[in-house]
Amino acid sequence: MMRKTSVILLSAATGAALTLFVTQPRAVFMGSSARAATSDTYRQLNLFGDVFERVRSDYVEKPDDSKLVESAISGMLTGLDPHSSYMDAKSFRDMQVQTRGEFGGLGIEVTMEDGLIKVVSPIDDTPASKAGIMSNDIITNLDDEAVQGLTLNQAVEKMRGPVNTKIRLKIIRKGQDNPIDVTLVRDNIRVRSVRARTEGDDIGYIRITTFNEQTTEGLKREIANQAQQIGDKLKGFIIDLRNNPGGLLEEAVTVSDAFLERGEIVSTRGRNAEETQRRAAHPGDLTKGKPIIVLINGGSASASEIVAGALQDHKRATLVGTRSFGKGSVQTIIPLGSGNGALRLTTARYFTPSGKSIQAKGIVPDIEVLQDVPDELKSRTDTKGEASLRGHLKSEGDEKTGSQSYVPPDAKDDKALKMAADLLHGVKVNATAPATGDKAAIDKPANKAAN
């Protein structure tokens with residue numbers, strides 16, 4: 001029997017996957033210790049069966065059997081790590097829709113923290129971003145219903161709904177004494193994952209907000225557009241991955257491949273050595289060797305970190321900003337059959353081309369740039385990162401938490417963006433690379449990748 005699975009990288013509860021892999025069932029050879037362990041497992045399953053029957057027969061109100069089973073499965077998965085979860089049939093369908101880059105809702109990337117919904121980042125040009133929802137906001141109530149007690153998927157489902165319908169959110173924001181009430185009108189969220197503009201008259205600026213099915217094609221289109229618009233004056237490209245929470249593994253690989261001629265992009269390693277997979281670049285740098293600056297911060301996670309790590313390790317780009325989120329794990333989407341939903345299960349860790357795991361550590365930029373933060377926002381400019389999540393996979397060595405995730409709304413106040421432009425213009429920068437020791441100057445781009 002063969003089972004199809006899908007692989008996804010994400011830091012929040014949203015996202016989906018289309019990259020299909022086929023796995024063969026493993027042969028099972030049991031020794032005496034394995035048989036003893038199996039016997040103990042069956043005793044535990046019998047205990048579960050006893051509890052299930054007692055709840056069915058004695059609970060004060062007649063429970064829904066299917067809901068009991070789903071809750072048990074959900075509890076088992078959420079007890080593993082912050083990124084494993086159970087999706088019922090509706091949630092699975094919603095995830096598949098979102099992977100295509102279009103869904104109905106508010107446009108908020110969220111995660112669960114201490115039983116409450118925490119905003120990872122609002123998606124650009126959506127009801128959430130237009131209403132001023134901010135990263136690190138805590139959502140406590142949805143239409144007067146407390147979020148406490150809901151699963152993440154249940155809360156996300158309540159925030160979605162028909163276009164032009166309203167929903168009221170109660171938000172706690174650091175620095176604000178009282179909760180904030182916000183009423184949003186649901187819209188058809190089309191996630192335009194790649195946006196571009198000309199910075200000055202000689203730099204192509206490309207922002208990637210998420211990694212969905214359209215991301216690589218959008219990137220290719222914008223690189224070509226910028227090269228055509230700017231022409232011979234083109235100094236290079238700024239790739240902005242700040243506050244990008246991640247998405248599809250395959251898109252992270254193909255986005256990295258767009259800038260590399262050869263060499264490993266990422267490797268993923270499961271529990272067993274035979275599950276290791278390596279992804280390599282193909283010849284053809286779409287920028288034709290132009291210098292690249294990649295902007296990252298505390299909100300850059302998972303798929304964003306794969307791209308940043310690959311370009312940094314191959315010295316194809318200079319990373320500017322603050323340390324990334326530090327999510328170094330891979331989730332596999334495992335369908336459970338018609339009408340039964342799917343598992344989102346952490347099945348591997350990923351490693352950058354140099355063999356480095358960024359799990360609970362993040363990627364340190366070559367040049368650290370801290371933004372000037374307005375006084376009223378200073379209490380909420382840091383993202384705690386993967387290492388702060390309860391039950392996260394442990395890293396080897398010291399874990400790192402806390403990194404600035406503030407991006408000024410006005411480009412003229414954006415110090416990281418200005419630093420990137422100065423580098424591309426060859427302006428001498430008094431900065432050193434805190435992690436790698438690489439020089440800041442990039443007037444001779446490194447377009448040869450290590451094997």
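Which handedness, left-handed or right-handed, does the crossing of α7 and α8 have? We will come to that pair of helices shortly, after a quick look around the chain. Please keep in mind that this is a predicted model.

Let us start with the overall picture. The chain holds nine helices and 24 strands. Of its 451 residues, 49% are buried. If you take the contacts with a separation of 6 or more, 71% of them link residues 24 or more positions apart.

Now back to the opening question: α7 and α8 cross in a right-handed way. Their axes come within 9 Å, with a crossing angle of roughly 25°. Because angles under 35 degrees count as roughly parallel, α7 is described as roughly parallel to α8. If you would like to see which residues make the contact, look on α7 for Leu249, Ala252, Val255 and Ser256, and on α8 for Ala303, Ile306, Val307, Ala310 and Leu311.

Just ahead of α8 there is a residue worth pausing at. Ser302 sits in the loop between β18 and α8. Phi of Ser302 is positive, near 50°, although the residue is something other than glycine. With 0% relative accessibility, Ser302 is also counted as buried. A second residue of this kind is Asn243, which is not a glycine and yet has a positive phi of about 60°. You will find Asn243 in the loop that runs between β14 and β15 (246–248). Its relative accessible area is 16%, so Asn243 is buried too.

From here we can move to the largest nonpolar core, which has 37 residues; Ile208, Ile239, Phe259 and Val294 are the members that touch the most others. Two or more residues of this core come from each of β13 (203–208), α6 (215–230), β14 (236–240), α7 (249–257), β16 (264–269), β18 (292–296), α8 (303–313) and β21 (342–351). The most generous of these elements is α8, which gives six residues. Phe259 is a good place to centre your view. Setting aside residues up to four places away in sequence, Phe259 touches Leu219, Ile223, Ile239, Asp285, Thr287, Ile292, Leu311 and Arg316. Apart from this core lies another one, made of 19 residues, including Val110, Val119, Ile171 and Leu184.

Several strands named above also belong to a sheet. This open sheet has six strands, in the order β12-β13-β14-β18-β19-β22, and its pairing is mixed. At its edges are β12 (194–199) and β22 (367–368), each of which pairs on one side only. Follow the sheet to the β22 edge and you reach β19 (residues 318–321), which runs parallel to β22 and is joined to it by two bridges. One residue pair to look for here is Gly321 with its bridge partner Glu368 in β22. As you inspect strands like these, remember that in a regular strand the side chains alternate between the two faces of the sheet.

Another strand to visit is β16. Five of the six residues of β16 are buried, so this strand is largely enclosed by the rest of the structure. Strand β17 (residues 277–280) runs antiparallel to β16, and four bridges connect the two. Within that pairing, Thr268 stands opposite Gln277 of β17. The strand β16 is also joined to β21, again antiparallel, through three bridges. Here Arg269 has Arg349 of β21 as its bridge partner.

Where does Leu234 lie? This residue is in the loop between α6 and β14. Leu234 counts as buried because its relative accessibility is 6%. Beyond its neighbours within four places in sequence, Leu234 contacts Asp202, Ile203, Gly204, Ala227 and Lys290. The C-alpha atoms of Leu234 and Pro291 are 9.8 Å apart, while 57 residues separate the two along the chain.

Our last stop is Ser74, in helix α2 (residues 65–78). Its relative accessibility of 15% is why Ser74 counts as buried. Once its neighbours within four places in sequence are left aside, Ser74 is in contact with Tyr86 and Thr151.

Key. Residues are numbered from 1 along each chain as its sequence is written. This is a predicted model: local features need pLDDT of at least 70, side-chain atom pairs count only at pLDDT 80 or more; totals for chains, interfaces and linings use all residues. Side-chain values use heavy atoms; hydrogens and water are left out. A nonpolar core is a set of buried Ala, Val, Leu, Ile, Met, Phe, Trp, Tyr and Cys residues joined through side-chain atoms within 4.5 Å. Buried means under 20% relative accessible area, exposed over 50%, partly exposed in between (1.4 Å probe, protein chains only). Contact means heavy atoms within 4.5 Å. Two strands pair if DSSP finds at least two bridges between them. Axes are lines fitted to C-alpha atoms, for helices over the stretch in contact, and angles run from 0 to 180 degrees between N-to-C directions. Angles under 35 degrees count as roughly parallel, over 145 as roughly antiparallel, 65 to 115 as roughly perpendicular and the rest as oblique. A crossing is left-handed if the near helix is turned anticlockwise from the far one by less than a right angle, and right-handed if clockwise.
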